[in-house]
Amino acid sequence: MSSSSRFYSILFNKCPRCHEGDFFVTKSAFSRHFDEMHDHCPHCGENFMPEPGFYWASMFVSYAFFTIWSLLTFFVFVIWLKIDLDYFLIGLVPSIILLTPYFFRVARRTWLTIFIKPDPKRAQDLTRTVRS
Ligand SMILES: [Zn+2]
């Protein structure tokens, strides 16, 4: 995947501006401190907290991911593989619980990436400003 794509930062836990610095402190969504973010990009200094309450709207992004996951698994297991709906629902609930930290992180990265486009040149300028 091209590192100039917006999807790169969403999928690989990277700063949406420079694609170098990590967005979350921990690499894994399944660690104890999965929700801890950097306030600024450790590489270029991009602000990850544009305003108070910025990430409230990422709940709706997370909701969209859960809806897509539920519909996708429904079509695969119930429609295509003809598994009974009760067994599907019994399997869906734990999968949603297990995916909550992952979707939480992806939703936050997606939300910030909507507002910050990749710009390696500006990221280099910010790096000079931060380091000088
Ligand atoms: Zn950065």
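This is a short dialogue on reading a zinc site, two loop residues and a helix pair.

Biologist: What kind of model is this, and how are residues numbered?

Modeller: This is a predicted model: local features need pLDDT of at least 70, side-chain atom pairs count only at pLDDT 80 or more, and totals for chains, interfaces and linings use all residues. Residues are numbered from 1 along each chain as its sequence is written, and side-chain values use heavy atoms, with hydrogens and water left out.

Biologist: Which residues are the protein donors of the zinc ion?

Modeller: Donors are N, O and S atoms within 2.8 Å of the metal (3.2 Å for Na, K and Ca); water is not among the atoms, so sites may look incomplete. Here the SG atoms of C15, C18, C41 and C44 serve, at 2.2 to 2.4 Å from the zinc ion. Their spacing in sequence is C-x2-C-x22-C-x2-C.

Biologist: Why is the arrangement around the zinc ion tetrahedral?

Modeller: Ideal angles for four tetrahedral donors are 109.5 degrees. Four donors count as tetrahedral if all angles lie between 85 and 135 degrees. The 4 donor atoms here subtend angles of 106 to 112°, so the arrangement is tetrahedral.

Biologist: Is C41 buried or exposed?

Modeller: Buried means under 20% relative accessible area, exposed over 50%, partly exposed in between (1.4 Å probe, protein chains only). C41 counts as buried because its relative accessibility is 4%. C18 is buried too, at 13%. C15 is also buried.

Biologist: How many disulfides does a search of the whole structure find?

Modeller: A disulfide is a covalent bond between the sulfur atoms of two cysteines. The test is a pair of cysteine sulfur atoms within 2.5 Å. The search finds 0.

Biologist: What is the phi of N13, and where does N13 lie?

Modeller: Most residues other than glycine have a negative phi. N13 has a positive phi of about 55°. N13 lies in the loop between α1 (6-12) and α2. H19 is found in that loop as well, with a positive phi near 60°. N13 is buried at 6% relative accessibility, and H19 is buried at 6%.

Biologist: At what angle do α2 and α3 pack?

Modeller: Two packed helices are described by the angle between their axes and the distance between the axes. Helices (H or I, at least four residues) are DSSP runs, numbered from the N terminus. Axes are lines fitted to C-alpha atoms over the stretch in contact, and angles run from 0 to 180 degrees between N-to-C directions. Helix α2 (residues 58-80) and helix α3 (residues 85-115) pack at about 145°, with axes 8 Å apart.

Key:
Helix = DSSP H or I, 4+ residues; strand = E, 2+ residues; numbered from the N terminus. Tetrahedral: all angles 85-135°; square planar, octahedral: opposite > 155°, others 65-115°.
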